[in-house]
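Subject: The structure for you to look through

Hello,

Here is the structure I said I would pass on. Have a look at it first, and then read my notes below.

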Amino acid sequence: MSIPLDHHYLPEFFQRRWTTEADPRVWRFTRPYRKLDVKKVYPSQAGFETGLYSIPSRSDPAAKQALESGFMTPIDTTAADALNYIQQHGKRPEDPRLHNGWTRFVMSLIYRNPRAIAHLRRKVRENDEATWADIEARYDAMKGPDDPPTYREYREADGTSLTDESEAKLISSMIDNANIGTQLNNMHWRFVEYDDPKHSLLLTDDPVMMSNGLRKLDGFLILPVGPRTMFIAVNDLRVFAAFSSQGNRMQRAINDAVVRQADHQVIASEESHRAFIDKRFNTSMKESNEHWSGAMQRLTWNAPIVLTP
């Protein structure tokens, strides 16, 4: 079995939802320089970065890629099963494996993109005390069978691999954050199909559109799961109703948000989005956007309705 070196932050199974039986390719939009670059490629050629989740200090080639093969890949496999169930039954999975698996996948899309990975690695390498404290608080759940019993002992071990290993533990623990996962599990879920949308939905390296705080009454999370399908989670069904009332403006608003969030790539089922993407796809200066959340290191958005407890 080959060792995965190209680590997909947009899994191939997910990208294939933007393809057709007649043409198994997607439109990939990138901006390596000032000009927008547009190519039609297979999902294996898009949405990845070589060695993105690698653990460099490990000597064994397979162990170096364990975060990809042993953590991300199983998440993606279960998410594919969950989406197949949803497509066949048109409802939220009752099987906890699929239900929780879908939650983990959505959370992974928040933290596995190159910007988020770079931020988490930077926090560890800057010896950020809050980051170390966060890892320590989660150490029991994160530690492997060969790790020391306490995080203090772990940090006092040979420092050659400490940073790399701590980065890997932090990445996995953020995706498996029990508080956020439980919150998402407890929200109202809807999978919305658009039979003939005016604007087919786009996929980007940062594809999750979310409010600044999921626990708020008007908190929400939106993810395009195909050119004509949207996943939305809300705390209050009035928020869902407010989004639904937007009509065709809803698809355009989602596309506007996820393209503005993108740093590396935009994926589409049609080339016709070129002008729309070219106008909004800015690979820098996210921090100057009024929707930027420094605490979350991402853009956040408001619901089209104001609710008070």
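Ser54 is a good place to begin: its relative accessible area is 15%, and since buried means under 20%, Ser54 counts as buried. Please keep in mind that this is a predicted model. You will find Ser54 in the loop that runs between strand S4 (48-50) and helix H2 (61-64). Its side chain makes a polar contact of 2.8 Å with the side chain of Gln65. Setting aside neighbours within four places in sequence, Ser54 is in contact with His7, Lys64, Gln65 and Arg121.

Now for the protein as a whole. It has 309 residues, and 51% of them are buried. There are 12 helices and 12 strands. If you take the contacts between residues at least 6 apart in sequence, 70% of them join residues at least 24 apart. The protein exposes about 15100 Å², with carbon and sulfur atoms supplying 49% of that area.

Next, a sheet that I spent some time on. Its 4 strands come in the order S5-S9-S8-S7; the sheet is open and the pairing antiparallel. Strand S5 (188-193) and S7 are the edge strands, each pairing on one side only. Strand S8 covers residues 220-226, and 7 of its 7 residues are buried, so S8 is largely enclosed by the rest of the structure.

What does S8 pair with? On one hand there is strand S7 (residues 209-210), which pairs with S8 in the antiparallel sense over 2 bridges. Met210 has Leu221 as its bridge partner in S8, while the partner of Met209 there is Ile222. On the other hand there is strand S9 (residues 229-234), whose antiparallel pairing with S8 runs over 6 bridges. A hairpin of 2 residues joins S8 to S9, and Gly226 stands opposite Thr229 in S9.

Which helix lies across this sheet's strands S5, S7, S8 and S9? That is H4, and it runs at about 95° to S8. Helix H4 spans residues 96-111, 16 residues in total, and reaches 22 Å from its first C-alpha to its last, close to the 22 Å expected at 1.5 Å a residue. At the start of H4, a side-chain oxygen of Asp95 comes to within 2.9 Å of the backbone nitrogen of Arg97. Is H4 mostly enclosed or open to the outside? With 12 of its 16 residues buried, H4 is largely enclosed by the rest of the structure. Among the buried residues are Trp102, Phe105, Val106, Leu109 and Tyr111. An α-helix has 3.6 residues a turn, so residues three or four places apart point the same way. That may help you when you trace the helix on screen.

There is a second sheet to look at. It is also open, with 4 strands in the order S3-S2-S10-S6 and antiparallel pairing. Strand S3 (37-41) and strand S6 (203-204) are at its edges, each with a single partner strand, so one side of each is left without a neighbour in the sheet. S6 and S10 pair in the antiparallel sense over 2 bridges, and Leu203 stands opposite Ile267 in S10.

From S10 it is a short step to Gln265, in the loop between helix H11 (248-261) and strand S10 (266-268). Its relative accessible area is 9%, so Gln265 is buried. Which residue is 235 places away from Gln265 in sequence but 4.9 Å away in space? The residue is Thr30, with the distance taken C-alpha to C-alpha. Beyond the residues up to four places away in sequence, Gln265 touches Tyr9, Arg28, Phe29, Thr30, Ala46, Gly47, Leu203, Thr204, Asp205 and Phe281. One of these, Gly47, has its backbone nitrogen 2.8 Å from a polar atom of the Gln265 side chain.

One last glutamine is worth finding: Gln183, in helix H9 (residues 178-186). Its relative accessibility is 17%, so Gln183 counts as buried. Not counting residues up to four places away in sequence, Gln183 touches Leu214, Arg215 and Asn235.

Happy browsing, and do write back with any questions.

Best wishes

Methods: Residues are numbered from 1 along each chain as its sequence is written. This is a predicted model: local features need pLDDT of at least 70, side-chain atom pairs count only at pLDDT 80 or more; totals for chains, interfaces and linings use all residues. Side-chain values use heavy atoms; hydrogens and water are left out. Buried means under 20% relative accessible area, exposed over 50%, partly exposed in between (1.4 Å probe, protein chains only). Two strands pair if DSSP finds at least two bridges between them. The expected span of a helix is 1.5 Å times one less than its number of residues. A polar contact is a pair of N or O atoms within 3.5 Å; within protein, one must be able to donate a hydrogen and the other to accept it, and residues adjacent in sequence count only if both atoms are side-chain atoms. Contact means heavy atoms within 4.5 Å. Accessible areas come from the Shrake-Rupley method with a 1.4 Å probe; for residues, only the protein chains shown count as cover. Axes are lines fitted to C-alpha atoms, for helices over the stretch in contact, and angles run from 0 to 180 degrees between N-to-C directions.
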